[in-house]
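Visitor: I'd like to go through this one and hear the reasoning behind the labels. Could you show me the structure before I start asking?

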Amino acid sequence: MAQYLDPGRIIMGTFGQIFIDGVWQSNLNHLEANVEADKRELNLVGTEYTVFKLGRKKGTGTMSGYKVTSDMITRGFQKFSIINKLDDPEAYGFERIQLNGCMVDKIQLANWTAGEEVVEETAFTFESYELLDPIVAS
């Protein structure tokens, strides 16, 4: 008999947390971080396929949520670290990833509309990452 995925093990972002330089950012409700590799295309003899060599990597991300302080304006373009914690009580565990050498791409000084919550979206780059706590199925 086939064993199916227990739907309770699927992780929801509801319990995610973002820590900037160790301080929990409870106002933020979205984080995306990606690493993109620059693959070098090589044409080698003896094969009819193009092969690839791994080149430099680039880390980019976006975080967003409600504006409650002027912290992002005050921080300016100084580097910081982010720890992303993805947790769900029904999951096999939680995952923490640290993004190092983060720097914002631009600083949002104003973006508001009368009668609406003010949302900040901050794009950033990072120089490396470290998987602190992996999720492992048991």
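Visitor: In what order do the elements of the protein chain run from the N terminus on?

Guide: This is a predicted model, and its elements go β-β-β-β-α-β-β-β-β. That comes to one helix and eight strands.

Visitor: What makes the protein chain more spread out than a compact globule?

Guide: Set the radius of gyration against the globule rule: the chain has 19 Å, while the rule gives 14 Å for 138 residues. The value is well over the rule, so the chain is called more spread out than a compact globule. As for the box, the C-alpha atoms fill roughly 65 × 45 × 30 Å along the principal axes.

Visitor: Why is Val-51 called partly exposed?

Guide: Buried means under 20% relative accessible area and exposed means over 50%. Val-51 has 26% relative accessibility, so it counts as partly exposed. You'll find Val-51 in strand β4, which covers residues 51–66.

Visitor: Which residues does Val-51 touch, leaving out those up to four places away in sequence?

Guide: Those are Arg-40, Glu-41, Leu-42 and Leu-44; to count, heavy atoms must come within 4.5 Å. Take Arg-40: its C-alpha is 8.3 Å from that of Val-51, with their positions eleven residues apart in sequence.

Visitor: What share of the 138 residues is buried?

Guide: Buried residues make up 22% of the protein chain.

Visitor: And how many positive and negative side chains are there?

Guide: There are 13 positive and 20 negative ones, and the centres of the two sets lie 8 Å apart.

Methods:
Residues are numbered from 1 along each chain as its sequence is written. This is a predicted model: local features need pLDDT of at least 70, side-chain atom pairs count only at pLDDT 80 or more; totals for chains, interfaces and linings use all residues. Side-chain values use heavy atoms; hydrogens and water are left out. Helices (H or I, at least four residues) and strands (E, at least two) are DSSP runs, numbered from the N terminus. The radius of gyration is taken over C-alpha atoms; the globule rule is 2.2 Å times the number of residues to the power 0.38. Buried means under 20% relative accessible area, exposed over 50%, partly exposed in between (1.4 Å probe, protein chains only). Lys and Arg count as positive and Asp and Glu as negative; His and the chain ends are not counted. The place of a charge is taken as NZ of Lys, CZ of Arg, CG of Asp or CD of Glu.
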